[in-house]
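I sat down with this model today and kept short notes as I went. Here is what I looked up, in the order I got to it.

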Amino acid sequence: MEISLKYLPGGRAAVSGNMMAQSDLDLKETALKEDLKFYFMNPCEKYRARRQIPWKLALQILKILMVTTQLIFFGLSNQLVVSFKEENTVAFKHLFLKGYSGVDEDDYSCSIYTQQDAYDSIFYIINQYMQLKNISLGTLGYEHEGSGLKICKQQYKKVMMLPSNDTLNIDVSTETECIFFKPQELAGKKAELKLNSSFFNLEFYRLIQVEISFKLKGIALQTIHARELPDCYVFQNTITFNNRAHSGKIKIYFDSDTDIQECKDWHIFGSVLQKNTQYILIFDGFVILSCFASLILCTRSIVLALRLQKFVYPSPSTIADHHLLHLLPCSPSFADCDYPCPTSSQAACKLHRFVNYFLEKHKRHVCHADRLEFINGWYVLVIISDVMTIIGSILKMEIKAKNLTSYDVCSILLGTSTLFVWVGVIRYLGYFQTYNVLILTMQASLPKVLRFCCCAGMIYLGYTFCGWIVLGPYHEKFEDLNTVAECLFSLVNGDDMFATFAQIQQKSMLVWMFSRLYLYSFISLFIYMILSLFIALITDSYDTIKKYQQSGFPVTDLHEFLKDQGSVAYRKEQTSMPFICCCRRQQSDDNLILIN
C-alpha cells in the first residue's frame with residue numbers, strides 16, 4: 001500500500017501515515033466482523049442477508065422424511081419375520097416336548113425326574129417327528145438334504161459308584177454315540193429295528209446328556225398379505241436332556257436356530273407383489289442418493305476444517321513464510337484475505353483471518369474454545385448417520401430382492417441412523433435461545449457427570465460382584481453378573497423392590513441377614529445420596545445456563561470481538577421463499593452465545 005507523505009514541520013507526515021494505517025486496520029476489522037457475523041447466522045438469516053440457499057437444511061429435512069418412511073416400511077416387514085420365528089418356536093415346543101405347559105420353567109423349557117419320564121420324552125419326540133405332516137398346523141416339511149433326526153448320547157466311559165459306602169470309581173473321559181433316522185425310512189422296518197436297539201438302554205448313573213437334533217422347512221405366507229414376497233425358512237431344532245449335575249433332575253432345553261433362504265421356485269398369481277417390490281427398491285435408491293449428497297456436503301466441511309488445523313497454531317513469522325501461503329485455505333470471494341489461495345472454504349478463511357488478526361493486534365493466540373466455534377460437531381453425527389443409512393439401505397434392497405436375509409444387522413443400522421437423524425434436528429433448534437436450553441445444559445454438565453459416574457461406577461461394580469458371589473445361589477436375580485447388574489439398576493430406579501426382598505430363600509439365616517444389610521445399604525446409598533447428587537449436578541448446570549441467559553454468557557475473545565458489531569444489513573426485498581425464512585431470531589439474541 002502506497003502512502004503519499006508531505007514533510008511538514010513538527011513531524012506531521014509521520015502522524016498522517018499512522019492515521020492512515022490505523023484507518024486501514026479499522027476497515028479490515030470491520031470487514032472481518034461482518035464476515036464472521038454472517039458465518040454464524042442460521043440458514044434463514046443467511047438467505048435473508050445474501051440470498052444463500054440453505055441446501056443442507058433442505059436436504060436434511062428431506063432426508064428425515066425419507067429415512068423415517070423407509071424405517072417404518074422395514075419395521076413392519078421385520079415384525080412379520082420376528083413373529084413368524086417366535087410363533088414357530090412356541091409351536092415346536094408344544095409339538096415335541098411332552099407335557100410342556102406353555103411357559104418355560106427357567107432358562108430351560110421343562111424338567112423330568114424319573115427314568116420312565118426320560119424314555120417317554122425321547123420316544124415322544126421320535127413319534128411326533130414321524131407324524132409331523134399329519135399333526136402340524138403349519139407349512140412344515142422335512143429337510144431331505146440333511147441327516148433327518150439325529151440322536152446322540154454322551155456319557156462317561158466307566159463309572160463305579162456306591163453312594164451308601166461313599167465309594168466312587170470314575171473315568172472322566174467321555175464317549176459319544178449317535179443314531180440317525182432319515183425321513184424316507186421313518187415308516188419302514190429299519191426304523192423299528194433302530195428303536196429296539198441297545199442304543200436306547202440308558203445308564204443314567206453315567207449319562208451326561210442326550211441331544212436330539214433335526215431340521216424342518218417352512219414358508220411364511222403372511223407376508224403376501226403385506227404385499228411382499230414370501231420367505232423360505234430352515235429351522236435347526238435341538239432338544240437337550242441335561243443330566244450333568246446328576247441331581248435327580250434332568251433339564252430339557254429346546255433351541256431353535258432359524259435361517260432364512262430364498263425360495264428356489266415360486267409362482268404367485270393374482271397379485272401386485274412384483275410391482276410393489278420394484279417401487280420400494282426405487283424409493284430405497286432415492287434414500288441412498290439423498291444420504292450420499294448429504295455425506296458429500298458434510299464431509300467437505302469436515303475435511304476443510306481438519307486441513308485448517310495446520311494453520312491455527314503457527315507463529316506470525318511462520319504464517320508469513322512465502323512457501324506456506326499457497327497451502328492456506330481461503331475463499332476467493334472475500335477480497336480482504338491477506339494471502340492468495342486456490343481453495344474455497346469460508347470457515348477456514350474466517351478462522352485464519354480471526355487468528356491472524358489476534359496475533360497481529362493482541363500478540364497472542366485465540367483460545368481453544370473459540371477455535372471449536374468454527375468446527376461444526378453436528379456434521380460428524382450427520383456423516384455417521386449417512387454412512388449407516390447407506391449401508392442399511394443397500395442391505396434392505398438385497399433383503400427385498402431375496403438375496404440376503406440379514407434382518408437383524410439391517411434393523412440395527414437403519415434404527416441407529418434414524419435415531420441420529422432425529423437427534424440432529426436439535427442442531428437447528430439450537431440457533432434460538434428459547435430452544436437451546438437442553439443443548440447448553442448437556443454441554444455444561446457432561447464433564448462433571450462423566451467424572452461423577454466414574455466414581456459411582458466403582459461402588460456399583462463392588463455391589464455387583466458382592467451380590468453375585470453371596471446371593472447368587474439363593475436368589476434368581478443374582479445368578480449371573482448380567483442379571484445382578486440389571487437388578488441393581490432396577491432398584492436404583494425404584495422398580496421391583498419388594499419382590500427382590502421377598503424372593504430371597506431363607507435356607508441360611510446368615511445369608512438372609514446379609515441380604516437385608518446388602519439391599520438396605522445399596523438402596524440408601526444410591527437412591528438417597530448418589531442419585532440425588534447426580535440430579536443436583538444437572539440441576540446446577542441448568543440453573544447456571546438460565547442465569548447466563550438472563551445476565552449474559554461468559555465473554556470469550558470471539559464474543560468480545562463481535563459484540564460491538566451491528567447486525568449485517570439484510571436485503572429489504574420481499575423474499576420469494578417465505579417458508580424458509582419463517583424463523584426470525586431477535587436482534588438482541590445475536591450476542592448471547594455462538595453454538596455449532
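These entries cover two helix pairs, a set of paired strands and one residue among them.

**Before starting.** I reminded myself that this is a predicted model.

**Entry 1: helix 3 and helix 13.** I began with helix 3, residues 55-96, and helix 13, residues 407-423. Their axes come within 10 Å and cross at roughly 150°. Angles over 145 degrees count as roughly antiparallel, so I noted helix 3 and helix 13 as roughly antiparallel to each other. I also looked up the handedness, and helix 3 passes helix 13 in a left-handed crossing.

Next I wanted to know which residues make the contact. On the helix 3 side I wrote down Lys63, Ile64, Val67, Thr68, Gln70, Leu71, Phe74, Ser77, Asn78 and Val81. Helix 13 brings Tyr407, Cys410, Ser411, Leu414, Gly415, Thr418, Val421 and Trp422. Sorted by class, this contact of helix 3 with helix 13 has 10 nonpolar, seven polar and one charged residues.

**Entry 2: strand 3 and its partners.** Then I moved to strand 3, residues 149-162, and followed its pairing. Strand 3 runs antiparallel to strand 4, residues 167-181, and 13 bridges join the two. I traced one of these pairings: Leu149 has Phe181 as its bridge partner in strand 4. The hairpin of strand 3 and strand 4 has four residues between the strands, and there I found Asp166 with a positive phi near 55°.

Strand 3 also pairs with strand 5, residues 207-220, again in the antiparallel sense, over six bridges. Here I picked out Cys152, whose bridge partner in strand 5 is Glu211.

**Entry 3: Gln154.** I stopped at Gln154, which lies in strand 3. Is Gln154 buried or exposed? Its relative accessible area is 18%, and buried means under 20%, so I put Gln154 down as buried. I then listed what Gln154 is in contact with, leaving aside its neighbours within four places in sequence. The list reads Thr174, Glu175, Thr176, Leu207, Ile208, Gln209 and Arg244.

**Entry 4: helix 15 and helix 18.** My last stop was helix 15, residues 437-471, with helix 18, residues 509-551. How do their axes cross? They come within 9 Å and cross at roughly 175°, and helix 15 and helix 18 are therefore roughly antiparallel to each other. By class, I noted 26 nonpolar, eight polar and two charged residues in the contact of helix 15 with helix 18.

Key. Residues are numbered from 1 along each chain as its sequence is written. This is a predicted model: local features need pLDDT of at least 70, side-chain atom pairs count only at pLDDT 80 or more; totals for chains, interfaces and linings use all residues. Side-chain values use heavy atoms; hydrogens and water are left out. Axes are lines fitted to C-alpha atoms, for helices over the stretch in contact, and angles run from 0 to 180 degrees between N-to-C directions. Angles under 35 degrees count as roughly parallel, over 145 as roughly antiparallel, 65 to 115 as roughly perpendicular and the rest as oblique. A crossing is left-handed if the near helix is turned anticlockwise from the far one by less than a right angle, and right-handed if clockwise. Contact means heavy atoms within 4.5 Å. Ala, Val, Leu, Ile, Met, Phe, Trp, Tyr, Cys and Pro count as nonpolar, Asp, Glu, Lys and Arg as charged, and the others, Gly among them, as polar. Two strands pair if DSSP finds at least two bridges between them. Buried means under 20% relative accessible area, exposed over 50%, partly exposed in between (1.4 Å probe, protein chains only).
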